[in-house]
Amino acid sequence: MSGMKDGEMELAERLFYVPSGMELNAGLVPFIAGRMMAKPNYIAGPKAYGNYCLHFLTGGTMQYAYNKEVVELHKEDVFCMFPHERCTYKVCDPQSLPQKYWLILNGPQAAAVMEGIGLSKERPYRRQLVTRSVEHLMQMILQSLRKPRTASSANKSDYYDLIGTVYRLFGELQANAHSTGSAPSSRHWLQYALDFMNSHYTRGITVDEAAQYAGVHRSHFSEIFTKAMGMTPRHYLQRLRMNKAAELLVGTSLSVTDIAQCVGYAEIYSFTKAFRLYYGKSPLAYRRGNGA
């Protein structure tokens, strides 16, 4: 195929990306991507990487051996080599030669992203996630990496295009994982809800909105949340807001009205009433009592 080098065991294209200092601080950091068509004698490993290495099978069958387990994956399946985890993969049927895209990346968000699409060290594969959209996004990533890039010619818009495509890829994979697999476990949707509440409590969000974001019914959401967190979702939101309000009262000169708005209250009366119930004193009394 065009652009692929003919090797002893495969036809392959491998493209490198060297992130700048700023880019290394991003949530996801791509390093290498490529595509390959295996020959009948293809085998790789045992090997391990320092980063996450994802294989997106677009044809044929590949056998993976990891953690004393062996699995055969087919077109539309995904496999992830986790950092420092040894793996061997090879052709297992000469009549069904594998083709795949692959992507090596890391970053502070990488572990959570893998968990979000159902990949773990114990079960590092998912079936039927590689749709035509996923293939198209991998093609876009490769196209981005083919662009010449030097220290003098580096274009930040190219980087943002690349990283945006990487996030779109994982968004598509996560959507596919939820539509093809079983419903997410309570541990997963509870974390989604907590992330949502921790990020947006200052916007005046409701428990209904948190349940909707997590994708579960309100009553089930409240029951599981309360068992896991030791408090109701409403009390959890209230704690976030009151703790932030107390911090702003002591650490800033903002008015009580401004602080009420900062923590999601449209009316100062509702905020003052909630604050008094939580701390046993008014916002102004709390401020005076803490030396502000």
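This report describes aromatic ring pairs in a predicted model, with attention to the rings around Phe275.

Across the whole structure, a search finds 16 aromatic pairs. Among them is the pair of Phe275 and Tyr279, whose rings are tilted, with 35° between the planes and 4.7 Å from centre to centre. Both residues belong to helix H9, which covers residues 268–279, and because they are four residues apart there, about one helical turn separates them. The two partners can also be described by their accessibility: Phe275 counts as buried, at 0% relative accessibility, whereas Tyr279, with a relative accessible area of 25%, is partly exposed.

Phe275 also forms an aromatic pair with Tyr286, and this pair is edge-to-face, with centres 5.5 Å apart and 85° between the planes. Here the link joins distant parts of the chain, since Phe275 lies in helix H9 and Tyr286 lies in helix H10 (residues 283–289), 11 residues apart. Tyr286 is itself buried, its relative accessible area being 15%.

The two pairs of Phe275 are set out below.

| Pair | Geometry | Centre to centre | Angle between planes |
|---|---|---|---|
| Phe275 and Tyr279 | tilted | 4.7 Å | 35° |
| Phe275 and Tyr286 | edge-to-face | 5.5 Å | 85° |

These residues are part of a wider arrangement, for ring pairs link Phe275, Tyr279 and Tyr286 with Tyr265, Phe271 and Tyr278 into a cluster.

A ring can also have a charged group as its partner: the charged end of Arg123 sits over the ring of Tyr125, at 4.4 Å from the centre of that ring.

How values were computed. Residues are numbered from 1 along each chain as its sequence is written. This is a predicted model: local features need pLDDT of at least 70, side-chain atom pairs count only at pLDDT 80 or more; totals for chains, interfaces and linings use all residues. Side-chain values use heavy atoms; hydrogens and water are left out. Rings of Phe, Tyr and Trp (its six-membered ring) pair if their centres lie within 6.5 Å; planes under 30 degrees apart count as stacked, over 60 as edge-to-face and the rest as tilted. Helices (H or I, at least four residues) and strands (E, at least two) are DSSP runs, numbered from the N terminus. Buried means under 20% relative accessible area, exposed over 50%, partly exposed in between (1.4 Å probe, protein chains only). A charge sits over a ring if NZ of Lys or CZ of Arg is within 6 Å of the ring centre and within 35 degrees of the ring normal.
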